[in-house]
Amino acid sequence: MTTCALYTSYESTEPWLLEFSRQFPHLNVQDWQHIANPEHVKYGIVWKPTQAFFERFPNLTTLFNLGAGVDALLSNPAVPKHVEIYRIEDGGMAAQMNQYFSYFLLHYYRDMDRYQQQKQQKQWQVLPFKPASTFSVGILGLGQLGAQLAQHLQSYGFDVAGWSRNKKQLQGVSSYAGAEELEGFLKRTDALCCLLPLTPDTQGILNRHNMSQLPRGSVVINAGRGQHLVVEDLLELLDENHLRGAVIDVFEQEPLPKEHQLWQHPKVMMTPHSSAQSEYPPCVKKIGNTLQAIIDNKNPSGLVDRCRGY
Ligand code: NDP
Ligand code: OXD
């Protein structure tokens, strides 16, 4: 029987174990602390495992990351270099991201921030109508999540573009690729949505230089990773009124320290890394099927390219 060691850093392992036993009763997925013969375990199913996990399982060959982003695993020195890493592709998160970004994009497109300000001043004034096609949304990252978001946003009639490493053919989406096309992409973007993985190339991409290329009055929404955003640069651009507002879901330090100035900023909306969460049934299905394909010597999708960093 194939034994897999399950490690979830902050949530209970119980719902995952139940879902694995429901969908894949022949896989012996167990809480990592309750495994009798750890030296026989080749497969780990993990979210942010500590060094103790790797010390307990010296013969791992494969890790299944319980989320989409693998930055925490790739920067963890305890993860052996020879271990292959598979990540969750979608796992129910694309639909949640669509809801999350739609909510905030509609907030700005329909001037809800401005109407809230007017309310505070007891001001009754209808703002001019703007066709949705004049609202340009730019998505940084057109992968599993960004590509589905790009398709979804078209139902509102927004003018949608995306930026990735390689050019994409997505119906109705203007595709920009590579560092040389970033400036052109930013210059046409009223609402910048970040769904990039954190890599050495993307760290700090939401910096003063890049965000200044956005037209005056643009907004920034970051659900990638906290390290994409240079918070001081964002605050300056908000205070200079170059940017109209920002939504931040991910932070360099989570939870965000109580004394951080972001908590107070009137133009910043925040959520606690909750834009999308791995859903048990689709994630378990994906991991179980991937593991079966590995055992059958097939090449399943979701393998992380360590050189690329995602
Ligand atoms: P994918 O790997 O499927 O997509 C990544 C996209 O980013 C690809 O389009 C890729 O381009 C592009 N990209 C990567 N590096 C560069 C670069 N240097 N220049 C330009 N484009 C680049 O990832 P997912 O869509 O599954 O997830 C994206 C990220 O979203 C995760 O890594 C994670 O950080 C974040 N996330 C956040 C969550 C939250 O709750 N806040 C939940 C889930 C994910 P190409 O297609 O050409 O390779
Ligand atoms: C993920 C996340 O990467 O939840 O899946 O941040």
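**Two ligands in a predicted model**

The shell around ligand 1 takes at least three residues from each of domain 1 (4-91 + 278-295) and domain 2 (93-270). The model is predicted.

Trainee: Which secondary-structure elements each supply at least two residues of the shell around ligand 1?
Mentor: Helix H4 (93-109), helix H6 (144-153) and strand E7 (159-164) each do. Of the 29 residues around ligand 1, Arg-87, Gln-144, Asn-166, Lys-168 and Tyr-310 come nearest.

Trainee: What makes the pair between Gln-144 and ligand 1 a polar contact?
Mentor: A backbone N or O atom of Gln-144 lies 2.9 Å from an oxygen atom of ligand 1. The cut-off is 3.5 Å, so the pair counts. Gly-224 offers a backbone N or O atom at 3.4 Å from an oxygen of ligand 1, so that pair is also within 3.5 Å.

Trainee: How much of ligand 1 does the protein cover?
Mentor: On its own, ligand 1 has 940 Å² of accessible area, and the protein covers 93% of that.

Trainee: How do you know that Arg-225 makes a polar contact with ligand 2?
Mentor: A polar side-chain atom of Arg-225 is 2.8 Å from an oxygen atom of ligand 2. That is within 3.5 Å, so it is a polar contact. Ala-68 uses a backbone N or O atom, 2.7 Å from an oxygen atom of ligand 2.

Trainee: How much of ligand 2 is buried?
Mentor: Alone, ligand 2 exposes 210 Å², and the protein buries 86% of that.

Trainee: How many residues of each class are in the shell around ligand 2?
Mentor: Four are nonpolar, three polar and one charged.

How values were computed: Residues numbered from 1 in each chain as written. Chains lettered and ligands numbered in written order. Predicted model: local features only at pLDDT ≥ 70, side-chain atom pairs only at ≥ 80, totals over all residues. Heavy atoms only, no water. Polar contact = N/O pair within 3.5 Å; in protein donor to acceptor, adjacent residues only side chain to side chain. Areas by Shrake-Rupley, 256 points an atom, 1.4 Å probe, with all protein chains shown as cover. Nonpolar A, V, L, I, M, F, W, Y, C, P; charged D, E, K, R; others polar. Near = heavy atom within 4 Å. Helix = DSSP H or I, 4+ residues; strand = E, 2+ residues; numbered from the N terminus. Domains from an automatic or database assignment.
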